[in-house]
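Me: I'd like a close look at one part of this protein, its aromatic rings. Could you walk me through them in one go?

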Amino acid sequence: MKFGTVLSYVAAVSLAATMAQAGTSKMNFAKVYEKECQGCHGPIHQGGVGADLRPKALKKKNKQMLVDTIMEGRPGTAMPAWKSTFSRDDAAGMVDWLMNWKNTVELKLDLDQIKKSWKQLADRKALFKKYPTPTDVKSVKDIVFATERDASLVDFIDGTTGKVLSRHKAGFAVHVTVTNKRMPRYAYSISRSGRLTMFDLNAPGQPAIASVQVGQESRGLAVSPDGKYVMAGNYNPGGAVLCDAKTLEPLKVYPTASVIDPDGNIGPSRVAYIADTPYAPYFSFALKDGGHVYIVDYSKPDFPVVGDIPNIGKILHDAFENEGKQMGRFVYVASQGSDLMGVVDLKTKKLAAKIYTGPGTKPHPGQGSSWYNDRYGQLNATNSMNVGNVVIWDMNNEVVANVPTAGGGLFIGTSKDTPYLWSDCVLGGPANYNKVYLINKQTLETDKIIEVGKEKGHLIDAHTGKVLQEWDATQYQVVKGKEVDSKMSKEKLVTYTAKHGPKVKKPVVPRLLHAEPANHGKWTFISEWTTGRIGVYNSKTGEFVKYIYNMTTPTFTYSVEHRQEVPGA
């Protein structure tokens with residue numbers, strides 16, 4: 001069955017169920033769930049970061065309690081309050097829909113069907129000849145990618161000036177963008193809607209040159225250091241897809257429809273992180289529900305799975321690799337159901353250790369952080385989703401510090417050009433999610449805090465409380481671009497203007513996330529989800545520099561040069 005056919009059938013079934021359960025609410029529960037809920041609760045409602053929402057689990061719960069949970073959220077967890085967008089009737093209708101939901105379709109990963117979706121959008125070889133050097137920037141390493149979640153866009157920005165170069169329609173909720181370390185003119189994005197897209201950064205406007213639909217819902221993405229292969233990971237249908245990195249031609253699928261989980265049950269598993277490594281010709285990826293990590297050797301015929309590391313923990317998610325000596329040998333895998341970081345040794349293909357992050361913490365390292373400390377040597381760090389806590393450990397896998405922050409976070413990042421770990425508090429609720437903590441990499445203490453209010457932003461000395469810098473954080477309405485056809489490829493673009501719109505009459509608390517160091521080492525980019533802009537900060541001092549406006553729910557930024565240096569990124 002084709003993905004398109006499956007999606008149509010699912011939509012029809014969901015619509016019927018929605019109409020049956022709607023009551024006086026006019027909400028399309030299936031559509032809202034797909035957009036807002038399944039990232040945490042799963043495409044088949046099986047849970048993960050969020051609770052199991054299948055009817056069997058929900059029917060043990062009190063309906064009014066579930067309605068209250070939707071409206072008010074759950075403090076100290078990733079579950080936000082929805083009362084600003086849901087009426088109480090909407091919440092009751094959503095609970096009814098969930099309690100009566102039926103998993104009518106089980107998708108299977110099918111290489112032939114994926115190949116049928118493979119599209120060439122531009123002539124790669126002709127562009128390669130015509131544009132041997134970059135046309136819009138001095139170096140492609142100057143480029144920073146940005147994702148605009150609800151606008152389904154991936155943007156390319158000059159990281160030395162903040163100028164937006166181009167904006168591309170690349171599937172709903174573009175989740176990850178990566179570069180080809182061997183051939184950095186090529187970049188790739190994966191959307192939550194399963195579209196894998198390849199771009200040429202040398203050509204004017206960074207045109208898309210190929211795309212392929214690898215699944216219905218996807219997350220992870222990695223490119224082999226030799227520049228030959230790209231691998232994408234799916235939540236639905238579960239599994240991973242290996243493609244040619246020069247063409248995006250699908251080469252092999254790795255289904256995960258039937259695996260053994262940590263409790264001994266056999267069932268399907270989503271694929272969470274995917275990482276390449278400079279240590280060996282391997283991709284590794286996590287079976288989110290299975291608790292396993294698979295290792296694929298792409299240097300061998302037919303790209304076999306050469307390692308299967310089981311029993312890491314429940315609900316595997318993000319991962320990152322060590323820097324320093326034997327760079328990329330160890331993969332630190334977040335187990336959000338067991339509150340630990342599993343340490344996978346790619347040399348022995350075994351689980352080397354489990355680093356416990358604390359009860360109910362749900363570690364989420366995002367891009368993670370690995371750096372050299374004068375006292376401890378090489379150190380590594382993760383954020384925690386449910387509590388304001390950064391956990392730091394050494395290469396003996398011993399925790400050496402717990403650094404408190406204002407609330408649960410999703411991302412912690414650093415680079416050789418900044419003295420800080422930049423840790424967000426994006427899950428800390430409106431009182432705290434407007435903060436980013438700057439943790440000194442040598443003292444392992446918070447030195448500064450970035451705090452952006454409705455009208456003013458402040459850089460605060462964490463030791464004294466003194467305001468070191470204040471800036472204008474006035475919020476402006478987003479000026480939306482127009483959708484146009486690309487002149488370079490068969491794709492849709494969206495125009496951009498740097499001029500911001502009228503002042504927002506009722507400003508909101510900015511929600512800051514995903515600090516990313518830019519390539520030249522001078523700037524760090526921080527997305528502001530709720531205000532439609534990206535903040536640019538001095539990497540060495542934390543001082544505010546400027547805003548990039550007119551973004552729709554900006555989520556992630558990725559610097560080409562920084563990602564060239566970070567193992568597995």
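How many aromatic pairs does a search of the whole structure find?

Reply: Happy to help! The search of the whole structure finds 21 aromatic pairs. Here rings of Phe, Tyr and Trp (its six-membered ring) pair if their centres lie within 6.5 Å; planes under 30 degrees apart count as stacked, over 60 as edge-to-face and the rest as tilted.

One of the pairs joins Phe-283 and Tyr-298, and it is tilted, with 5.3 Å centre to centre and 55° between the planes. Phe-283 belongs to strand E16 (residues 282–287), whereas Tyr-298 sits in the loop between strand E17 (292–297) and strand E18 (305–309), so this pair ties together parts that are 15 residues apart in sequence. Strands (E, at least two residues) and helices (H or I, at least four) are DSSP runs, numbered from the N terminus. Both Phe-283 and Tyr-298 are buried; buried means under 20% relative accessible area, exposed over 50% and partly exposed in between, with a 1.4 Å probe and protein chains only.

Another tilted pair is made by Phe-320 and Trp-393, with 6.1 Å centre to centre and 45° between the planes. Because Phe-320 lies in strand E19 (residues 316–321) and Trp-393 in strand E25 (residues 389–394), this pair ties together parts that are 73 residues apart in sequence. Phe-320 is buried, at a relative accessible area of 6%, and Trp-393 counts as buried too, at 0%.

There is also an aromatic cluster, formed by Trp-471, Tyr-476, Tyr-537, Phe-544, Tyr-547 and Tyr-549.

A further aromatic residue to look at is Trp-97, in helix H5 (residues 88–99). Trp-97 is buried, with a relative accessible area of 3%. From Trp-97 to Pro-55 the distance is 9.3 Å, C-alpha to C-alpha, with their positions 42 residues apart in sequence.

Now for the setting of these rings. The protein has 8 helices and 39 strands, and buried residues make up 60% of its 569 residues. Among contacts (heavy atoms within 4.5 Å) between residues at least 6 apart in sequence, 50% join residues at least 24 apart.

Two notes on reading all this. The model is predicted, so to speak, on a confidence scale: local features need pLDDT of at least 70, side-chain atom pairs count only at pLDDT 80 or more, and totals for chains, interfaces and linings use all residues. Residues are numbered from 1 along each chain as its sequence is written, and side-chain values use heavy atoms, leaving out hydrogens and water.
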